[in-house]
Amino acid sequence: MNASPVYLDAATAAPTHPVARQALLAALDDGWADPGKLYGQARRARQLLDAAREATAQTLGVRADELSFTSSGTTAAHGAVLGGLAGRRRVGPTLVHSAIEHSAVLHAAERHVAAGGVADPVPVDRLGRLDLSAWSDAVRAPGVALAALISASHEVGTVQPVAEAAAACAGAGVPLYVDAAQSVGRVPLPAGWSVLTASAHKWGGPSGVGLLAVRKGTRWESPWPADDREGGRTPGSVNLPAVVAAAASLRAAAADAAAEETRLAPLVDRIRARVAAEVPDVEVVGDPVLRLPHLVTFSCLYVDGEALLHALDRRGFAVSSGSSCTSSTLRPSHVLEAMGVLSHGNVRVSLHRETTEADVERFLAELPGIVAGLRAEAGVVGL
Amino acid sequence: MPDEVLDCRGQRCPLPVIAAARRMPEVPVGTVVRVLADDPAAAVDIPAWCRMRGQEFVAAITGPDGPAYDIRRAH
């Protein structure tokens, strides 16, 4: 039964970019010293760290001193939310956020609420796009310290109206935090944000490297115990070889991003069209046009999501799911819930630089039979 | 008040939706069936099923038997 593996879960972690591998190996030999010390090995490490920061800042379009490397994308998101709230606590206690933020942002919001703060989630429509009028009302309310909006949904791919949301924030004097984990290294970044985060393993860098950019003039205060490294924004010594690899692979991914978008977006269009046409009773979700180039999500009626992932895995396909039976909490994805779309039998397919047209064709050829087989086993054919 | 009750408590997704899908074609048009389902996914998936099948989702309620969902057979 072993079929050749087809990895289609880049939105969780993209396969390591060859440039990341090379840079990591070189930096393991050359970048092990503490860049804060005053000797030759440290100066070499400092040079590597400075160069990585400079290159990454350039890709993001920020100043080098606005950018910190964190120990993960999750840590960056936690710091962005809690630091943005701390920096403006005199203004008020409220965090406005979309209902479809990443769980890292929502968990930081829960912490804020547990400490006496307020969180105000803003709904999305059936396609997973922010309700801009509700957003504008929410950020204009008194006592809003920070607003958080994901650049594009990590679960369904819908690109958010960040520029419009940022304009509403600017009008209300509220800083905007954008979680750009699915966008950095793939698509141009939106404008108008004050704080931005990303995660290296989404673009083919190593896991365990996050980016936290805080624009000059933003009232942001570190929520962590004091530490002077990384501009005082995140504690602990950086994993320098991983940071060097993250920076090198981001530069490579960004250089190829436009070509990859041109190559992958039509493959996602093909998946959207063929799954809808060839799998009965399926709901392809997310915005068909205003979407990420590499990500598509659909739900198969009457199919158990966990059984579907296992059946796909047996045929060599690695995908992700927002169905409750695949989550540790046994709750359906809050994103699918906020959109009001079917949550069971859910599959997220996300493509990357190694994905070929043949991979997609094999997935499309096998999926209808796999779904039909599961429905036959469950006795739900014709319902 | 519903015309009948379908007890799907303790069933995990997608079983409550499947139970509703089996029962609805058997009842007369206009009948309201109340689905008792404590799986959190039912709150999302029962309204979504109604939308996909053109049936009327009447309401979600929380009563003495826990979360429940009323569906009216529309056609």
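**Notebook: chain A, overall form and one sheet**

I began with the inventory of secondary structure, and in chain A I found 10 helices and 12 strands. I keep in mind throughout that this is a predicted model.

Next I looked up the overall dimensions: the C-alpha trace of chain A spans about 70 × 55 × 35 Å along its principal axes. I then asked what radius of gyration a compact globule with 383 residues would have, and the expected value is near 21 Å, which agrees with the 21 Å of chain A.

For the interior, I noted that buried residues, meaning those under 20% relative accessible area, make up 55% of the 383 residues in chain A. Of the contacts with a separation of 6 or more, 72% join residues that lie 24 or more positions apart. The accessible surface of chain A comes to about 15200 Å², and carbon and sulfur atoms account for 54% of that area.

I then turned to one sheet, an open one in which three strands of chain A are arranged in the order β9-β10-β12 with antiparallel pairing. Its edge strands are β9 (282-285) and β12 (346-350) of chain A, each of which pairs on one side only. On average, neighbouring strands of this sheet are turned by 20 degrees against each other, with direction ignored. Helix α7 (residues 240-278) of chain A packs on the sheet and touches β9, β10 and β12 of chain A, while its direction makes about 155 degrees with that of β9(A).

Last, I followed β10 (residues 295-300) of chain A, which pairs with β12(A) in the antiparallel sense over five bridges. Which residue in β12(A) is the bridge partner of Ser299(A)? I found that Asn346(A) is that partner.

Conventions: Residues are numbered from 1 along each chain as its sequence is written. Chains are lettered from A and ligands numbered from 1 in the order in which they are written. This is a predicted model: local features need pLDDT of at least 70, side-chain atom pairs count only at pLDDT 80 or more; totals for chains, interfaces and linings use all residues. Side-chain values use heavy atoms; hydrogens and water are left out. Two strands pair if DSSP finds at least two bridges between them. Helices (H or I, at least four residues) and strands (E, at least two) are DSSP runs, numbered from the N terminus. Axes are lines fitted to C-alpha atoms, for helices over the stretch in contact, and angles run from 0 to 180 degrees between N-to-C directions. Contact means heavy atoms within 4.5 Å. The radius of gyration is taken over C-alpha atoms; the globule rule is 2.2 Å times the number of residues to the power 0.38. Buried means under 20% relative accessible area, exposed over 50%, partly exposed in between (1.4 Å probe, protein chains only). Accessible areas come from the Shrake-Rupley method with a 1.4 Å probe; for residues, only the protein chains shown count as cover.
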